[in-house]
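Biologist: Could you take me through one part of this model in detail? I'd like a close look at the place where the two chains meet.

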Amino acid sequence: MSVLSAASVGVFLSWGVFGIQVGNLIVILVMLVLFLLALVLPFPRGRRGR
Amino acid sequence: MTTADTPVQPDLGGEPAPIPTVQVEDVLEHDRSWTGRARRLLLERLPADKLLPNEQPSYVASWIYVFGMGAIASLVFVIASGLVLALNGPAWYHLSALGHFINSTHLWSVELFFLFMVIHLWGKFWMAAWRGNRVLTWISGVVSFAVSIVAAFTGYLVQTNFDGQWIAFEAKDALNATGIGAWFNVADFGQMFMWHITLLPIAVGAIVALHVVLVRMHGVVPPLESAETDAQLLPELLVEATTNGDSR
């Protein structure tokens, strides 16, 4: 039943005392990658770029 | 005064009495009412070219400056999908395919909202975005982050499924330990639902609007290495730079 499946806890990764859900880890990694790319990628210049 | 500007008087047989002419600007300039004072203050602090600028300084052409607007775009999706959920109710969004999809877009847009907001926060933290009288802009951003967390939390509480129930009963002990549980009762679905669909959206919307207005008033913060070019945004620095013959 879909309503019940929404309550699943997901997959957890554990290293000693530290544990994190895979979904949360993916979101954090995506944020870090986007942050780094935003610092290094050139911004496209539009028609009105100065 | 030209002839065309002279008020026309009916011919009553005598010398026409002059009608005093009053300039609208004079009235507004000396209007002591609260609306007059508020108008002058707003026009002084937030003139139209600052409120709706058609250009930004060159340093804004960087990807790190787009995440604030990304968060706002996500917030628009959060509110729009939430309105659709409110119109149709839990039976629709739990049991129909379209309802499931809209329910999911509500969650996905919240995740994007936080994702963009956190990257925006990192970018602004590492460029010390509170520089140049922008402390209130920084603080309003922090407050909007905090209030958004409460809004998201109440959203998880009102999923109307076992997940929401489990989260409420896990959270109640922590909140009771702080003492706030006596008033902010996470096990009270009605209270959490009202907070989620009325109070918190209004609070987040108002704080984000204030944050954007403050950004408009003080301008987008320049990168650390080009702090001296903040003259583009701060009039007193511009005057100083012009006086010193600095054309940067």
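Modeller: Here is a walk through the contact between the chains, with a little on what lies around it.

First, the ground rules: this is a predicted model, so local features need pLDDT of at least 70 and side-chain atom pairs count only at pLDDT 80 or more, while totals for chains, interfaces and linings use all residues. Residues are numbered from 1 along each chain as its sequence is written, chains are lettered from A and ligands numbered from 1 in the order in which they are written, and side-chain values use heavy atoms, with hydrogens and water left out.

Chain B is a helical affair, with ten helices and zero strands (DSSP runs numbered from the N terminus: H or I of at least four residues for helices, E of at least two for strands). Of its 248 residues, 33% count as buried, that is, under 20% relative accessible area with a 1.4 Å probe and protein chains only; exposed is over 50%, and partly exposed is in between.

Now the contact itself. On the chain B side 22 residues touch 20 residues of chain A, contact being heavy atoms within 4.5 Å. About 1800 Å² is buried between the two chains, and carbon and sulfur atoms give 74% of that; buried area is the accessible area (1.4 Å probe) that two parts lose on being put together, summed over both. In chain B, the residues losing the most area to chain A are B:Trp63, B:Leu115 and B:Trp122, together 31% of what that side buries.

As for polar links, there are zero salt bridges between the chains (a side-chain nitrogen of Lys or Arg within 4 Å of a carboxyl oxygen of Asp or Glu). One residue pair is in polar contact, both at pLDDT 80 or more; that takes N or O atoms within 3.5 Å, within protein one able to donate a hydrogen and the other to accept it, and residues adjacent in sequence count only if both atoms are side-chain atoms. H6 and helix H8 (162–178) of chain B each supply at least two residues of the side that touches chain A, and H6(B) gives the largest share, seven residues.

H6 (residues 97–126) of chain B is also where B:His120 sits. Leaving out residues up to four places away in sequence, B:His120 touches B:Phe67, B:Gly68 and B:His211. Its side chain reaches the backbone nitrogen of B:Gly68 at 3.4 Å. The C-alpha atoms of B:His120 and B:Met69 are 9.1 Å apart, although 51 residues separate them along the chain.
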